[in-house]
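Work through the exercises below with the coordinates open. Each task is followed by a solution in steps.

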Amino acid sequence: MAEYRKVATVSDIPDGGMKTYRLDHDQIVICHSGGRFYAIVDECSHDAAPISTGHLRDHEIVCPRHGARFDITSGTVTAPPAVAPIDTFEVKVEGEDIFVRLD
Amino acid sequence: MDNDMNTDNANSEYKIPDMAPELMRGPQWLQEKRTLARDAFNSSPLPRRGLHLWRYTDPNRFMVDRASVVDSAYTEDYDAVEKVELRHLEQGRLSGLVTDLGGREINRYGVEKLAEQGILVTSLSEAVGKYKVLVEPYLYRLVNSATGKFEALNGALWNDGIFIYVPRGKSVAKPLHLLREAGRENSAQFPRLLIVVDQGSELTVIDEYGGGSHKMEKGLSYANSAVEIFGMAGSRIRYVNLQRQTSAMNSYLTHRAMLERDANMLTIILAFGGLLNKQNFGAILSGQNAESNMFGLTFGSGHQHFDCHTLQHHAAGQTLSNIDHKVVLRDKARSAYTGLIKIEKNARTCEAYQENRNLLLNKGTRAETIPELEILNEDVRCSHGATIGPIDPMEVFYLSSRGIPYDDAVRMVVGGFVEKTLKQVPDDLRERLRQFVNTRLEKI
């Protein structure tokens, strides 16, 4: 059975914003875009920089180092120099609480 | 459902309180330095992610709220390790053994013969009072608040450490073994080491860091270590740093060595343990003909994360430095290596070499390598090289096809990868290092 873990509350992250959290061994970033929440690993697949130090444009996150872009809904690359996707996590919201699926 | 969540801002606001008991330890001059370190720590911001040396490691993970940690006993494994080293001492393979239990208790074994020659091996807390003339000019000179926020944290809160002084013309050829044992879960320790090797003297030190929390769920343990080494004119120093802490431990270490004219130093870095391990090793060549050689071996597995920075700082001309740093990773282990060669404008006819090779044993591992050159004159010879690559499947296949089990075949290939480094180590140290390496390789 899928295990979810509470990581934040809705009020922690305003729309258009993002915040990082530690999930066991992974550093993740929760993005709030268009009223929905998404979770991806906080690491650019190009040079491993923390992608949370970049910025969010709708459903795209832009790495500040070399400009690589990723779709936060799927982790896929939308602009080079990155070529590999970033891992994503399933997110569910129950009331005020944001949960992330672990497996 | 588990609601216990670690955010990365858990301790980032921590300030060292004015009345922290560590600030009152030692003589007046030391208390003043501790207070300055406290002020520097409290007033400096946390290094920003993405900045130089913090691009791959989150500084929040080294923030320790001193008020939230407990003093805990060392682990049961320690007794076995101590017994082995005491046996080595009895067999005459060591010149002395010093145990450092989380900075709370320093024990010395077999150092009486060294004392007869005027060689001091003592706790830092004793040395700051008894040997002030030998300690005060050196303590905090190389690793201090100006080095960084976490160095300031150590500078303020170190409880006790080790002081070694080798007077002029004396030799400690057999290794002096320092066994530093971290406490269990939710413990924090701030080990400190000061070594002064006077003119024409020799010293070999094995500085081993072990212990730590055994279960992440119960809590991590933390170490923030500082090592300062001074090699006076014509001295010869061999320093081995062995990191074999548990996989539920975050460890931060800053090492600086200053080498005067004709001094020669060999630094060997064996980074095997810890969950999050950030190390910063540096040699400052301040006198002509000084020479520094560094050999590093990092073995990572599971979720281990290594972040190693090396500095070859040529402050004087006709100096030579060389670094050979090798990394082996498996499972989901990570490594970031950043090596800086810095040559000052007046430091002419220097030679500096740097090599970093990374061997990845499976998909899911990741290595970064960033060579940096800051060379301010043209009359130098420098080179650097870096490789990152997977293990050659043909080599493993060749061995497997001759009946060698897959895991053993991988170990043999890894053994061959690191052998070139071990061959460069002096004969009398090589077998000892090979034991350390083989013990770690068994778990790769």
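The exercises go from whole chains to one helix and then to single residues of this predicted model.

**Exercise 1. Chain A as a whole**

Task: State what secondary structure chain A has, and compare its radius of gyration with that of a compact globule.

Solution.
- Step 1. Chain A has 11 strands and 0 helices, so by the DSSP runs its pattern along the sequence holds β elements, β-β-β-β-β-β-β-β-β-β-β.
- Step 2. For 103 residues, a compact globule would have a radius of gyration near 13 Å, and the 13 Å of chain A agrees with that.
- Step 3. Along the principal axes, the C-alpha atoms of chain A fill a box of roughly 40 × 25 × 20 Å.
- Step 4. Of the 103 residues in chain A, 37% are buried. Among the chain A contacts with a separation of 6 or more, 37% are accounted for by residues 24 or more positions apart.

**Exercise 2. Chain B as a whole**

Task: Count the helices and strands of chain B and decide how its radius of gyration stands against the globule rule.

Solution.
- Step 1. There are 9 helices and 20 strands in chain B.
- Step 2. The globule rule gives 22 Å for 444 residues; chain B has 21 Å, which is close, so the chain is as compact as a globular protein of that length.
- Step 3. The box filled by the C-alpha atoms of chain B is roughly 65 × 60 × 50 Å along the principal axes.
- Step 4. Buried residues are 49% of the 444 in chain B. Of the chain B contacts between residues at least 6 apart in sequence, 82% join residues at least 24 apart.

**Exercise 3. Helix α1 of chain B**

Task: Find which residues of α1(B) are buried, how they are arranged around the axis, and what covers them.

Solution.
- Step 1. Helix α1 of chain B covers residues 28–43, which is 16 residues. Its span from first to last C-alpha is 22 Å, close to the 22 Å expected at 1.5 Å a residue.
- Step 2. Its buried residues are B:Leu30, B:Lys33, B:Arg34, B:Ala37, B:Arg38 and B:Phe41.
- Step 3. Viewed down the axis of α1(B), these buried residues fall within an arc of 145°, so they line one face of the helix. The general background is that an α-helix has 3.6 residues a turn, so residues three or four places apart point the same way.
- Step 4. The face turned away from the buried side of α1(B) carries the exposed residues B:Gln28, B:Glu32 and B:Ser43.
- Step 5. The cover over the buried residues includes α4 (124–130) and α6 of chain B.
- Step 6. The axes of α1(B) and α6(B) are 8 Å apart and the helices pack at an angle of about 145°; the crossing is left-handed.
- Step 7. On the α1(B) side, B:Arg34, B:Ala37, B:Arg38, B:Ala40 and B:Phe41 take part; they meet B:Lys149, B:Ala152, B:Leu153, B:Gly155 and B:Ala156 in α6(B).

**Exercise 4. A:Ala68 and a cis peptide bond**

Task: Decide whether A:Ala68 is buried or exposed, list its contacts away from sequence neighbours, and examine the peptide bond from A:Pro80 to A:Pro81.

Solution.
- Step 1. A:Ala68 lies in the loop between β6 (60–62) and β7 (69–71) of chain A.
- Step 2. A:Ala68 has 24 C-beta neighbours inside 10 Å, and therefore counts as buried, the cut-off being 20 or more.
- Step 3. Beyond four places in sequence, A:Ala68 is in contact with A:Cys44, A:His46, A:Cys63, A:Val77, A:Ala79, A:Pro80, A:Pro81 and A:Ala82.
- Step 4. A:Thr78 is 10 residues from A:Ala68 along the chain, with 7.7 Å between their C-alpha atoms.
- Step 5. Two of the contacts, A:Pro80 and A:Pro81, are joined by a cis peptide bond with omega near 15°. A:Pro81 is in the loop between β8 (77–79) and β9 (88–89) of chain A.

**Exercise 5. Positive phi and an exposed residue in chain B**

Task: Assign a burial class to B:Tyr140, B:Gln318 and B:Glu442, and give phi for B:Tyr140 and B:Gln318.

Solution.
- Step 1. Most residues other than glycine have a negative phi.
- Step 2. B:Tyr140, not a glycine, has a positive phi of about 75°. This residue is in the loop between α5 (132–135) and α6 (149–157) of chain B, and is buried because 22 other C-beta atoms lie within 10 Å.
- Step 3. B:Gln318 has a positive phi near 55°. Its place is the loop between β15 (305–314) and β16 (320–329) of chain B, and 17 C-beta neighbours inside 10 Å make it partly exposed.
- Step 4. B:Glu442 follows α9 (427–441) of chain B and counts as exposed, with 9 C-beta neighbours inside 10 Å. B:Asp408 is 34 residues from B:Glu442 in sequence and 9.1 Å from it in space, C-alpha to C-alpha.

Technical notes
Residues numbered from 1 in each chain as written. Chains lettered and ligands numbered in written order. Predicted model: local features only at pLDDT ≥ 70, side-chain atom pairs only at ≥ 80, totals over all residues. Helix = DSSP H or I, 4+ residues; strand = E, 2+ residues; numbered from the N terminus. Buried ≥ 20, exposed ≤ 12 C-beta atoms within 10 Å, placed from the backbone. Contact = placed C-beta atoms within 7 Å. Rg over C-alpha atoms; globule rule 2.2 N^0.38 Å. Expected span 1.5 Å × (residues − 1). Arc of directions from axis to C-beta. Axes fitted to C-alpha atoms, helices over the stretch in contact; angles between N-to-C directions. Left-handed = near helix turned anticlockwise from the far one by under 90°.
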